[in-house]
Amino acid sequence: MKEFAVIGIPFLGTTLGAATVFLMKREMNAKLEKLLLGFASGVMIAASIWSLLIPAIEMTETQGGRPWLPATVGFLLGMGFLLLLDSLVPHIHIDSSRPEGVKSKLKKTTMLVMAVTLHNLPEGMAVGVTLAAAMMDNTGIAMAGALTLAVGIAIQNFPEGAIISMPLRSAGASRRKAFWYGVLSGIVEPVGAVVTVLLASRVVPILPYLLAFAAGAMIYVVVEELIPESQSGEHTNIGTIGVAAGFALMMVLDVALG
């Protein structure tokens, strides 16, 4: 179905971001990295609110339930799920302000690839759940809403792909290898989206929970990984500006197109 093309949009954003390794210098500018991390944070926060939590509340109202219940329960379960995965899957948080040797840097960047791959899962789930809801009747979510969320996640995936490929390049990897690592970090998104669509289509009554679950998982990524990294070291105001720009852009896209 042509609707499933929406699933590939976020992965395209990751791929284009990873491809910047062929255009940029060996080292990513620290200020640019903070701006991109902040921008990704703002996009994900806005997407969680307008594309996931608000639709979950409105859908519950349509179903005649308590609007706050699925949104709250699903959100907390999403946060808890990512917290559990964070504990079980080995990865580390990168302190880009600390100097380190090439071997140590490569090892840490490899762990960052694992972290980003893990954190791409809720984004794929978010697109899958929203797409499934848009394909159903009486959910209150239009296909434009699913498209907006996919585009928003693709926008934030662009810097994410660059943040994977560029440190690998600076750690000594070839441009081609760094590019493919960045691409592979996003492959879980379309896979997660397809699986979620197949499951969500069979469990219509709990769609609000699934939407809120995806929102909680995405907010966890922002709070645990993106914002702390954008606020470490110097020039933290650049990361804050990025958050504002990303949030505003995603809000406008969602309200205008959704």
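Helices in these legends are DSSP runs of at least four residues, numbered from the N terminus, and the structure shown is a predicted model.

**Figure 1. The whole protein chain of the predicted model, read as a series of helices.** The protein chain holds 9 helices and 0 strands, so that the pattern along the sequence reads α-α-α-α-α-α-α-α-α. Of the 258 residues in the protein chain, 50% are buried. When contacts are counted between residues at least 6 apart in sequence, 86% of them join residues at least 24 apart.

**Figure 2. Close-up of Ser41 in helix α2.** Ser41 lies in helix α2, which covers residues 30–63. Is Ser41 buried or exposed? Its relative accessibility is 0%, and because buried means under 20% relative accessible area, Ser41 counts as buried. Leaving aside residues up to four places away in sequence, Ser41 touches Val222, Leu226, Ile227 and Val243.

**Figure 3. Close-up of the packing of helix α1 against helix α6.** Helix α1, made of residues 8–18, and helix α6, made of residues 175–184, have axes 8 Å apart and pack at an angle of about 160 degrees. Angles over 145 degrees count as roughly antiparallel, and α1 and α6 are therefore roughly antiparallel to each other. The crossing in which α1 passes α6 is right-handed. On the α1 side the contact is made by Phe11, Thr14, Thr15 and Ala18, which meet Phe179, Gly182 and Val183 in α6. Sorted by class, this contact of α1 with α6 has 4 nonpolar residues, 3 polar residues and no charged residues. Phe179 also appears in a cluster, where ring pairs link Phe22, Phe179 and Trp180.

**Figure 4. Close-up of the aromatic pair formed by Trp50 and Phe247.** A search of the whole structure finds 4 aromatic pairs. In one of them, the rings of Trp50 and Phe247 have their centres 5.6 Å apart and their planes at 70 degrees, and since planes over 60 degrees apart count as edge-to-face, the pair is edge-to-face. The pair links distant parts of the chain, with Trp50 in helix α2 and Phe247 in helix α9 (residues 236–257), 197 residues apart. Trp50 counts as partly exposed because its relative accessibility is 25%, and Phe247, also at 25% relative accessibility, counts as partly exposed.

**Figure 5. Close-up of the aromatic pair formed by Phe81 and Phe213.** Here the ring centres of Phe81 and Phe213 are 5.4 Å apart and the ring planes lie at 45 degrees, so the pair is tilted. This pair, too, links distant parts of the chain, since Phe81 belongs to helix α3 (residues 68–88) and Phe213 to helix α8 (residues 207–230), 132 residues apart. Which of these residues is buried, and which is partly exposed? Phe81, at 29% relative accessibility, counts as partly exposed, whereas Phe213 is buried, because its relative accessible area is 16%.

**Figure 6. Close-up of the crossing of helices α3 and α8.** The axes of α3 and α8 come within 6 Å of each other and cross at roughly 45 degrees, and this angle makes α3 oblique to α8. The crossing in which α3 passes α8 is right-handed. By class, the contact of α3 with α8 has 19 nonpolar, 3 polar and 2 charged residues.

Key: Residues numbered from 1 in each chain as written. Predicted model: local features only at pLDDT ≥ 70, side-chain atom pairs only at ≥ 80, totals over all residues. Heavy atoms only, no water. Axes fitted to C-alpha atoms, helices over the stretch in contact; angles between N-to-C directions. Helix = DSSP H or I, 4+ residues; strand = E, 2+ residues; numbered from the N terminus. Parallel < 35°, antiparallel > 145°, perpendicular 65-115°, else oblique. Left-handed = near helix turned anticlockwise from the far one by under 90°. Contact = heavy atoms within 4.5 Å. Nonpolar A, V, L, I, M, F, W, Y, C, P; charged D, E, K, R; others polar. Buried < 20%, exposed > 50% of the residue type's maximum accessible area, 1.4 Å probe, protein only. Phe/Tyr/Trp six-rings, centres within 6.5 Å; stacked < 30°, edge-to-face > 60°.
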